[in-house]
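Trainee: Please give me a close look at the largest pocket, then tie the rest of the model to it.

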Amino acid sequence: MLGIVILIFYVGLTGIQPSILRAALMGSSVLIGQVLDRKTNALGALLLSGFLLLSINPLWIWDLGFKLSFLATFALLVTSPFIEKKLDFLPPKLAGMIAVPIAVSIWTSPLIMYFFHSFSFYLIPFNILATPLIMLLVVGGIISAVFILIIPNLGILIAKILFWPLQILLQSAQQIPQLKLSAFAVGQISLVTLIIIYSILVTIWLNKRFHKYWHIGALIIIGLIIIPIIYKNITLLKITVLEGNKVPITVMQNRGKVTLINVGSETDIKHTLSPFLSQQGINKINTVIITNNQDELSLSIIKKKIKINSIIDLFDNKEFNNSHQVIEEDSTIIKAMNRESGIIKWQIKDKYWLWIDGQKLDPQSISVHLNHGLDVLLWSGKKLSSDWIKLLKKYQPKILIISTNYLPSFIKTKLNQENLKWYWIERDGAIQWIPNQGIKPLFNNQEEDS
């Protein structure tokens with residue numbers, strides 16, 4: 001009863017989360033088994049706790065913490081002992097410290113890659129090194145708490161000593177994500193692939209005959225993840241326009257080579273650009289093209305997150321000639337029209353794009369730069385006026401993409417009256433062009449890919 005009361009107190013301290021409730025229920029089952037002098041079936045206790053929690057709140061099935069907690073515990077029960085046997089040449093304690101993070105990573109990594117589109121090569125080594133520190137902090141913390149009740153000064157002294165291993169653990173956790181390959185982008189893994197991966201893992205676990213062929217199963221799983229990335233790099237041709245605070249961010253993917261026009265602000269990188277690059281399985285950018293709107297802080301942030309081969313300032317005073325600055329990336333041709341304005345043309349395959357920075361220009365000043373029959377015109381600015389719409393109608397772009405925070409109802413009506421096919425990033429989300437599918441909101445293209 002004392003142990004169960006402590007568990008209830010622990011749940012109250014940490015918050016009534018499904019992963020914490022799972023641990024408390026399994027701990028209670030062990031305590032009850034000891035009172036009844038009966039051996040506890042750990043796997044049965046895990047399944048029973050899952051059944052009870054989902055009976056209370058079925059929506060917890062969608063909670064990622066719930067899933068990861070059960071998978072990690074499941075891995076400890078069914079895979080960790082198998083790995084420990086393979087490491088029998090090591091001291092038992094050391095073998096256990098190595099087996100636990102490997103087993104947990106095997107069962108949780110597919111789910112993490114499915115949700116976050118990335119894998120960390122430092123996950124297993126860091127967990128192995130962190131285990132002794134965590135054990136020291138847990139045991140030391142309990143001892144410190146007991147002594148604080150009996151001899152407060154001694155308890156405080158123990159807590160002060162534990163401060164140093166705690167700092168080492170926290171500093172390591174902060175520095176690991178800064179290392180190269182700390183988050184290797186694997187792209188969007190389909191639900192079918194995820195089901196196949198877990199089917200292979202369950203088959204190896206249930207059938208002892210397959211235990212000795214575990215390495216074949218591992219190779220198949222790695223292939224299911226790596227082959228789509230290689231295929232995309234060889235064949236993929238895609239342009240995606242993402243919303244930025246000041247200007248839109250354009251990502252061009254051309255058969256493994258990635259060109260980026262603008263990286264946005266620090267907020268854009270954190271919440272828009274980085275998640276998109278991970279979702280697409282992009283681990284390297286060949287060329288970053290910056291315009292007058294880009295600041296140095298954002299460039300330094302993106303350099304730390306991903307490898308960049310070259311950075312080109314499209315409107316650089318030294319390199320910009322009297323006519324146009326031209327950049328050629330395989331079949332992609334990018335032109336800057338003049339230094340003062342944000343007008344950029346680019347051609348990819350047989351499609352012609354033009355980006356106009358409406359914050360710096362008025363409609364009359366850019367008419368000389370437009371050609372009839374533009375495939376896509378990307379306009380960004382604070383306010384899309386009727387004068388802009390008249391100009392856009394005159395040069396008849398096949399597709400108009402608008403990047404602005406506010407688009408009044410009368411402007412929307414005007415666009416529809418002029419029979420312009422238009423998208424508004426603020427409403428439609430990111431806009432994507434794929435050769436065989438044309439231009440659509442990113443979410444629609446993802447549904448078709450799935």
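Mentor: Confidence first, since this is a predicted model. The protein averages a pLDDT of 82 (the predictor's confidence in each residue, from 0 to 100), and 88% of the residues score at least 70. Among the elements, α9 has the highest mean pLDDT, at 92, while helix α16, residues 442-449, has the lowest, at 59. Where pLDDT is low, don't read the predicted coordinates in detail. Local features here need pLDDT of at least 70 and side-chain atom pairs 80 or more, while totals for chains, interfaces and linings use all residues. Numbering runs from 1 along each chain as its sequence is written, and side-chain values use heavy atoms, with hydrogens and water left out.

Now your pocket. The largest pocket holds about 1100 Å³ of space (an open set of 1 Å grid points where a 1.4 Å probe fits, with protein on both sides within 12 Å along at least five of seven lines). Its lining takes in 35 residues (those with an atom within 4 Å of a point), and I102, I106, L201, W214 and A218 are the closest to the pocket's centre. Five helices each give two or more residues to that lining: α5 (80-86), α6 (92-116), α7 (123-150), α9 (191-206) and α10 (214-235). So α9, the element with the highest mean pLDDT, is among the contributors to the wall. By class, the lining has 27 nonpolar residues, against 6 polar and 2 charged ones.

One of those helices, α7, also holds S144. S144 is buried, with a relative accessible area of 5% (buried means under 20%, exposed over 50%, partly exposed in between). Beyond its sequence neighbours up to four places away, S144 touches G155, I158 and A159 (contact means heavy atoms within 4.5 Å). Helix α8, residues 152-175, carries L157, which is partly exposed at 47% relative accessibility. L157 and F147 sit 10 residues apart in sequence and 9.7 Å apart in space, C-alpha to C-alpha. For another buried serine, try S69 in helix α4, residues 64-78: its relative accessibility is 10%. Leaving aside neighbours within four places in sequence, S69 is in contact with S19 and R22.

Stepping back, the protein has 16 helices and 16 strands (DSSP runs of at least four and at least two residues). Buried residues make up 42% of the 450 residues. Of the contacts between residues at least 6 apart in sequence, 52% join residues at least 24 apart.

Last, the charged pairs. There are 2 salt bridges, counted where a side-chain nitrogen of Lys or Arg is within 4 Å of a carboxyl oxygen of Asp or Glu. In one, D375 pairs with K398, with the closest N and O atoms 3.4 Å apart. D375 lies in the loop between β11 (351-357) and β12 (376-380), and K398 in the loop between α13 (386-395) and β13 (399-403), so the pair ties together parts 23 residues apart in sequence. D375 is buried at 8% relative accessibility, whereas K398 is exposed at 54%. The other bridge joins D428 and R427, with the closest N and O atoms 2.9 Å apart. Here D428 is partly exposed at 21%, and R427 is partly exposed at 45%.

Methods
Grid points are joined across faces, edges and corners, and a volume is the space filled by probe spheres set on the points. Ala, Val, Leu, Ile, Met, Phe, Trp, Tyr, Cys and Pro count as nonpolar, Asp, Glu, Lys and Arg as charged, and the others, Gly among them, as polar. Buried means under 20% relative accessible area, exposed over 50%, partly exposed in between (1.4 Å probe, protein chains only).
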